[in-house]
Amino acid sequence: MEKLIITAALTGAETTKEQQPNLPVTPDEIAQAAYECYQAGAAIVHIHARDDQGTATQDIEVYRDIFSKIAKKCDVIIQPSTGGGTWHTLEERLQPVFLKPEMATLTTGTCNFGGDVFMNSREYIEKYAEEMKRLYVKPEFEIFERGMIANALDLLRKGLVTEPLHFDFVMGVSGAITAEPRDLVYLVESIPKKSTWSVAGIGRNQLPLALMAIAMGGHVRVGFEDNIYFSRGVLATSNAQLVERIVNISKEFGREVATPEEARQILGLKKRGDNITS
Ligand code: KMH
Ligand code: ZN
């Protein structure tokens, strides 16, 4: 089996310090958390920026600061969010892509998101894909529902993305796909064979889905964006603690963990060059 790529989703747009006191929110805290996760075995960090009040922002300057601080510490793959918060405009959400990171997320459809609607129109999905293609940013398709795979494949047919595609199945969001084993099998069987995929289980779904992905040859996303607990009722002490557990389990299972450089090869990324402003 291919080595395991671990993504650490450090902050998210919705998690608060009240819920998780160790949530990284300032650029310094996010960069430090990224470094700790890299040391623990993460190859990718998925980034959401926060403003001075701790609210999610898609401000390009805050992302620039975070990218620069991470890049000074380590060569982990930096993957900003274009999902932002459900209240951000589609123009705001695209901003970090203009910093030319190696990867960025791209949600290819609309779904309910708790009490909100996470809106992703066809027009904007194509616009995001066009910009990512122009700037050599590899999309990670964030799949909250099966129909979003069909939209990603439509981008492939239109030549807006190239294979191998990479998917992240976000499972267990209230109002979107559930997190049963059958759901994961259904999603995995719905993508082109040469694709790579990871799974991000929400809340208590994080660990069981990660175990399934390790065994099925997929990759794993953990972190406070998706889950703040280490075990039932016990908060995790850091994002790195969640990464560390996946590393230990995967090694016990007999699957080695990919370094950022190995992850670049698996995902078909070019080596991080001068695309990150430092
Ligand atoms: N915060 C969610 C509404 C992404 O990062 O690309 C969207 C999200 C997906 O987190
Ligand atoms: Zn995100």
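Which residue of strand 9 does T107 stand opposite? Here are some notes to read beside this predicted model, starting with that pairing.

1. **Strand 9 and its first partner.** The answer is E142: T107 stands opposite this residue of strand 9. The pairing belongs to a parallel arrangement in which strand 6 (residues 103-107) and strand 9 are joined by 5 bridges. Strand 9 itself covers residues 138-143, and 6 of its 6 residues are buried. If you turn the model to look at either face, you will find it covered: K138, E140 and E142 are buried on one side, and P139, F141 and I143 are buried on the other. In general, side chains in a regular strand alternate between the two faces of the sheet.

2. **A closer look at E142.** This residue has a relative accessibility of 4%, so it counts as buried, the limit being under 20%. Its side chain makes a polar contact with the side chain of R221, at 3.4 Å. Leaving out residues up to four places away in sequence, E142 also touches others, including T105, L106, M148, D168 and V170.

3. **From strand 9 to strand 10.** Strand 10 (residues 166-171) pairs with strand 9 in the parallel sense, over 4 bridges. Within this pairing, E140 stands opposite H166. Together with helix 5 (residues 147-157), the two strands make a right-handed β-α-β unit.

4. **On to strand 11.** Strand 10 runs parallel to strand 11, with 6 bridges joining them, and V170 stands opposite A200. Helix 6 (residues 181-189) completes a right-handed β-α-β unit with these two strands. Strand 11 (residues 196-201) has 6 of its 6 residues buried, so it is largely enclosed by the rest of the structure. T196, S198 and A200 are buried on one face, while W197, V199 and G201 are buried on the other.

5. **And then strand 12.** Strands 11 and 12 are also parallel, joined by 3 bridges, and S198 has H219 as its bridge partner in strand 12. A right-handed β-α-β unit is made here too, by strand 11, helix 7 (residues 206-216) and strand 12.

6. **The nonpolar cores.** The largest nonpolar core has 80 residues, and I70, F167 and F169 have the most contacts inside it. Helix 1 (residues 27-40) gives the most to this core, with 6 residues. Another core, of 10 residues, lies apart from it; A43, I44, I77 and I266 are among its members. Beyond its neighbours within four places in sequence, F167 is in contact with residues that include E140, F141 and I143, as well as T196, W197 and S198.

7. **The zinc ion.** Which protein atoms serve as donors to the zinc ion (ligand 2)? They are NE2 of H46, NE2 of H48 and OE of E225, lying 2.1 Å from the ion. The donor residues are spaced H-x1-H-x176-E in sequence. H46 lies in strand 2 (residues 44-47), whereas E225 is in the loop between strand 12 (219-222) and strand 13 (229-231), so this pair ties together parts that are 179 residues apart in sequence. Both H46 and E225 are buried.

8. **An exposed glycine.** Buried or exposed: how does G254 count? At 63% relative accessibility, G254 counts as exposed. You will find G254 in the loop between helix 8 (239-253) and helix 9 (260-267). Its C-alpha atom is 9.8 Å from that of I214, a residue 40 places away along the chain.

Methods. Residues are numbered from 1 along each chain as its sequence is written. Chains are lettered from A and ligands numbered from 1 in the order in which they are written. This is a predicted model: local features need pLDDT of at least 70, side-chain atom pairs count only at pLDDT 80 or more; totals for chains, interfaces and linings use all residues. Side-chain values use heavy atoms; hydrogens and water are left out. A nonpolar core is a set of buried Ala, Val, Leu, Ile, Met, Phe, Trp, Tyr and Cys residues joined through side-chain atoms within 4.5 Å. Buried means under 20% relative accessible area, exposed over 50%, partly exposed in between (1.4 Å probe, protein chains only). Contact means heavy atoms within 4.5 Å. Donors are N, O and S atoms within 2.8 Å of the metal (3.2 Å for Na, K and Ca); water is not among the atoms, so sites may look incomplete. Two strands pair if DSSP finds at least two bridges between them. A crossover is right-handed if, with the strands pointing away from the viewer, the path from the first strand over the helix to the second runs clockwise. A polar contact is a pair of N or O atoms within 3.5 Å; within protein, one must be able to donate a hydrogen and the other to accept it, and residues adjacent in sequence count only if both atoms are side-chain atoms.
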